Amino acid sequence: MADGHWADYIDPCSGLSMVNKDSQQIYGEVDALVTLLNYQTINTGCCKIALHPTWGSAMYPASIFTKAPVTALQHAVQVTEAGIREQDPAA
């Protein structure tokens, strides 16, 4: 968004977008992982937990949507990762 590209991310608790507050469309993170990546799930009563093929349930799904070109997205991720590692080299 800083470079003028539209972007939004999902609140994993509600499934609602965090930037576009006008929308009431719910995006299910776990359902997306099942549909798009064929992840398996386990049912814990009131909710489903996605199982990563390597990490099992030790992961936290988070979705970002953008209209930025792939190169701009890759650059943003690299800059963000570098900033995190600068503050915490073990990250």
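The lining of the largest pocket comprises, by class, 14 nonpolar, four polar and four charged residues. The structure described here is a predicted model. In this model the largest pocket encloses a volume of about 560 Å³. Its lining is formed by 22 residues, and I64, L73, A76, V77 and T80 are those that lie nearest the centre. Three elements give two or more residues to this lining, namely strand β1 (7-9), strand β4 (64-66) and helix α2 (70-87). Helix α2 gives the most, with 10 residues.

The second largest pocket contains about 340 Å³ of space. Among its 17 lining residues, P12, E29, V30, K48 and P61 lie nearest the centre. Helix α1 (29-37) and strand β3 (48-51) are the elements that give two or more residues to the lining of this second pocket. By class, 11 of the lining residues are nonpolar, three are polar and three are charged.

Two salt bridges are present in the structure. One is formed between K48 and D31, with the closest N and O atoms 2.7 Å apart. This pair links distant parts of the chain, since K48 belongs to strand β3 and D31 to helix α1, with their positions 17 residues apart in the numbering. K48 is also one of the residues that lie nearest the centre of the second largest pocket. Both partners retain contact with the surface: K48 is partly exposed, at a relative accessible area of 41%, and D31 is likewise partly exposed, at 41%.The other salt bridge joins the side chains of R85 and E81, at an N to O distance of 3.1 Å. Both residues belong to helix α2, and because they are four residues apart in this helix, R85 and E81 are separated by about one helical turn. R85 counts as partly exposed, with a relative accessibility of 40%. E81 also counts as partly exposed, its relative accessibility being 37%. Helix α2, which holds this pair, is the element that gives the most residues to the lining of the largest pocket.

A nonpolar patch on the surface is formed by Y9, V19 and I64, which together have about 300 Å² of accessible area. Of these residues, I64 is located in strand β4. I64 has a relative accessible area of 61% and is therefore exposed, the cut-off for this class being over 50%. The residue I64 thus takes part in two of the features described, as a member of the nonpolar patch and as one of the residues that lie nearest the centre of the largest pocket.

The position of C46 was also examined. C46 is situated in the loop between strand β2 (40-43) and strand β3. With a relative accessibility of 78%, C46 counts as exposed. The C-alpha atoms of C46 and Q25 are separated by 20 Å, the two residues being 21 residues apart along the chain.

Terms used. Residues numbered from 1 in each chain as written. Predicted model: local features only at pLDDT ≥ 70, side-chain atom pairs only at ≥ 80, totals over all residues. Heavy atoms only, no water. 1 Å grid on protein atoms, 1.4 Å probe; cavity = no way out; pocket = protein on both sides within 12 Å on 5 of 7 lines; lining within 4 Å. Points joined across faces, edges and corners; volume = space filled by probe spheres on them. Nonpolar A, V, L, I, M, F, W, Y, C, P; charged D, E, K, R; others polar. Salt bridge = Lys/Arg side-chain N within 4 Å of Asp/Glu carboxyl O. Buried < 20%, exposed > 50% of the residue type's maximum accessible area, 1.4 Å probe, protein only. Patch = residues over 30% accessible without salt bridge, like charges linked within 9 Å, V, L, I, M, F, W, Y side chains within 5 Å. Areas by Shrake-Rupley, 256 points an atom, 1.4 Å probe, with all protein chains shown as cover.
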